[in-house]
Amino acid sequence: MSDAVLCFDAVTFGYRRDHPPILREVSFALHAGRVLAVVGPNGAGKTTLLAIALGWLRPWRGEVWLNGRPIRTYPRDARGRWLAIVPQSEHTPFDYTVLEYVLMGRAPHLPPLGIPGPEDYRIAMRALEQVGIAALADHAVPTLSGGERQLMLLARALAQQPKVLLLDEPTAHLDLHNKVRLIEIVRALRAQGLAVMMTNHEPEVVLAVADDVLLMAAGQPALSGPAEQVFTEAALRRIYQLPIRLVEIDGRRHAIWT
C-alpha cells in the first residue's frame with residue numbers, strides 16, 4: 001500500500017461509543033489512475049467512509065493515510081487541494097450562476113478572504129467543459145435539471161484540481177442518458193491519472209468503471225481487491241441477499257437477478 005494515494009489501515013468507526021461501530025477494521029488502498037467502487041446496501045456505512053476519507057470524522061481505531069501521511073496531520077486547506085467530493089445532493093440557498101458555484105471549488109487555492117482571479121475563472125470554465133455543461137455557465141442554479149445539477153457539482157470538484165475524487169452515489173438521481181455520460185467522464189478522469197473512489201449500489205455502474213471494489217454490508221467484514229476477484233456472484237448474493245447472477249453479453253458483464 002506504500003504507493004497508494006489514499007489508504008485505510010484497519011479503520012473502525014461509530015457515532016456512539018455505547019453502540020456497535022458502523023465500520024470494523026476496514027482496509028483498502030486507492031491508487032492514481034484507478035477507480036475504486038465502494039459497494040453495499042443502504043446502511044452499510046458507505047457515506048460515513050467518505051467522510052472519514054475527507055478527514056471530517058476521526059476513526060476510533062486505525063489510520064487513514066493520504067500520500068504517505070496520516071490525514072489528521074493535514075490542515076483543512078491542504079486536504080482541499082488533495083481531495084474533492086461530489087455529494088448526492090446539495091442545497092443552494094442563493095441564486096448563484098453555475099460558474100459562480102463552480103468557482104467555489106477554487107477556495108482551497110485562495111488566501112483567506114481572497115477572491116478568484118483570471119486563472120481561477122479559466123480553471124472553472126475548463127471544468128465545466130470537461131463535464132459538458134459550459135453552455136450553462138451563466139444560468140441560475142435553480143433552473144438546472146437534476147442531471148445538470150449533478151454535473152455542476154462534479155465540475156466544482158474538478159475545479160479544486162484534486163488528486164483524489166470522491167463520488168457519493170453519483171448516478172442515483174440520473175436518467176439513463178446522464179448516467180452513461182457520467183460513466184464516460186469517470187473513465188476519462190481515470191485515463192488522466194486521477195484516483196477516483198465512488199460509493200454505488202448499482203452493479204451495472206460498478207461493472208462499467210471499477211478497477212477495484214470494496215464490498216460492505218452492515219455487521220459483516222469489508223472485502224476489498226481487484227474487481228474481477230471481489231465483485232463475484234457469491235459476494236453480491238451475500239451482501240444483497242438476492243439471487244444475483246453475472247452474465248456476459250456482447251463481451252461485457254451484466255448483473256441480473258431472478
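Begin by selecting Ala10, which lies in strand E1 of this predicted model. Most residues other than glycine have a negative phi. Ala10 departs from that pattern: its phi is positive, at about 55°, although it is not a glycine. With a relative accessibility of 21%, Ala10 counts as partly exposed, because the buried class ends under 20%.

**The sheet around E1**

Extend the selection to the whole of strand E1, residues 6-13, and add strand E4, residues 61-66. These two strands pair in the antiparallel sense over 5 bridges. Within the pair, Thr12 stands opposite Arg61 of E4. Strands of a sheet pair through backbone hydrogen bonds, which may be displayed at this point.

Now show the complete sheet. It is open and consists of 4 strands in the order E2-E1-E4-E5, with antiparallel pairing. Which strands stand at the edges? They are E2 (23-30) and E5 (69-70); each has a single partner strand, so one side of each is left without a neighbour in the sheet.

Next, move to the loop between E4 and E5 and select Asn67. Asn67 is another residue other than glycine with a positive phi, near 50°. Its relative accessible area is 45%, so Asn67 is partly exposed.

**Helix H1**

Select residues 46-53, which form helix H1. This helix lies across E1, E2 and E4 and runs at about 120° to E1. Is H1 largely enclosed or largely open to the outside? Of its 8 residues, 7 are buried, so H1 is largely enclosed by the rest of the structure. To see them, colour Lys46, Thr48, Leu49, Leu50, Ala51, Ile52 and Ala53, the buried residues of the helix. Just after H1, select Gly55, where phi is positive at about 85°.

**The nonpolar cores**

Turn to the largest nonpolar core, which has 56 residues. Display the side chains of Val39, Val102, Met152, Leu165 and Val213, the residues with the most contacts inside this core. Helix H5, residues 146-159, supplies the largest share of the core, with 8 residues. Apart from this core lies another, of 32 residues, among them Leu66, Ile71, Leu214 and Met216.

Return to the first of these cores and centre the view on Met152. What is in contact with Met152, leaving aside its neighbours within four places in sequence? The residues to select are Val98, Tyr101, Val102, Ile133, Val141 and Leu144.

**Helix H5 and its partners**

Keep H5 in view and add helix H4, residues 118-131. The axes of the two helices come within 8 Å and cross at roughly 135°. H4 and H5 are therefore oblique to each other, and their crossing is right-handed. On the H4 side, select Ile123, Ala124, Ala127, Leu128, Gln130 and Val131; on the H5 side, Leu151, Leu154, Ala155, Leu158 and Ala159. These residues make the contact.

Finally, add helix H6, residues 176-191. H5 and H6 pack at an angle of about 15°, with their axes 10 Å apart. They are therefore roughly parallel to each other, since angles under 35 degrees are counted in that class. The crossing of H5 and H6 is right-handed. To view the meeting of the two helices, select Gly147, Leu151, Leu154 and Leu158 in H5 together with Asn178, Arg181, Ile185 and Leu189 in H6.

Conventions
Residues are numbered from 1 along each chain as its sequence is written. This is a predicted model: local features need pLDDT of at least 70, side-chain atom pairs count only at pLDDT 80 or more; totals for chains, interfaces and linings use all residues. Side-chain values use heavy atoms; hydrogens and water are left out. Two strands pair if DSSP finds at least two bridges between them. Contact means heavy atoms within 4.5 Å. Axes are lines fitted to C-alpha atoms, for helices over the stretch in contact, and angles run from 0 to 180 degrees between N-to-C directions. A nonpolar core is a set of buried Ala, Val, Leu, Ile, Met, Phe, Trp, Tyr and Cys residues joined through side-chain atoms within 4.5 Å. Buried means under 20% relative accessible area, exposed over 50%, partly exposed in between (1.4 Å probe, protein chains only). Angles under 35 degrees count as roughly parallel, over 145 as roughly antiparallel, 65 to 115 as roughly perpendicular and the rest as oblique. A crossing is left-handed if the near helix is turned anticlockwise from the far one by less than a right angle, and right-handed if clockwise.
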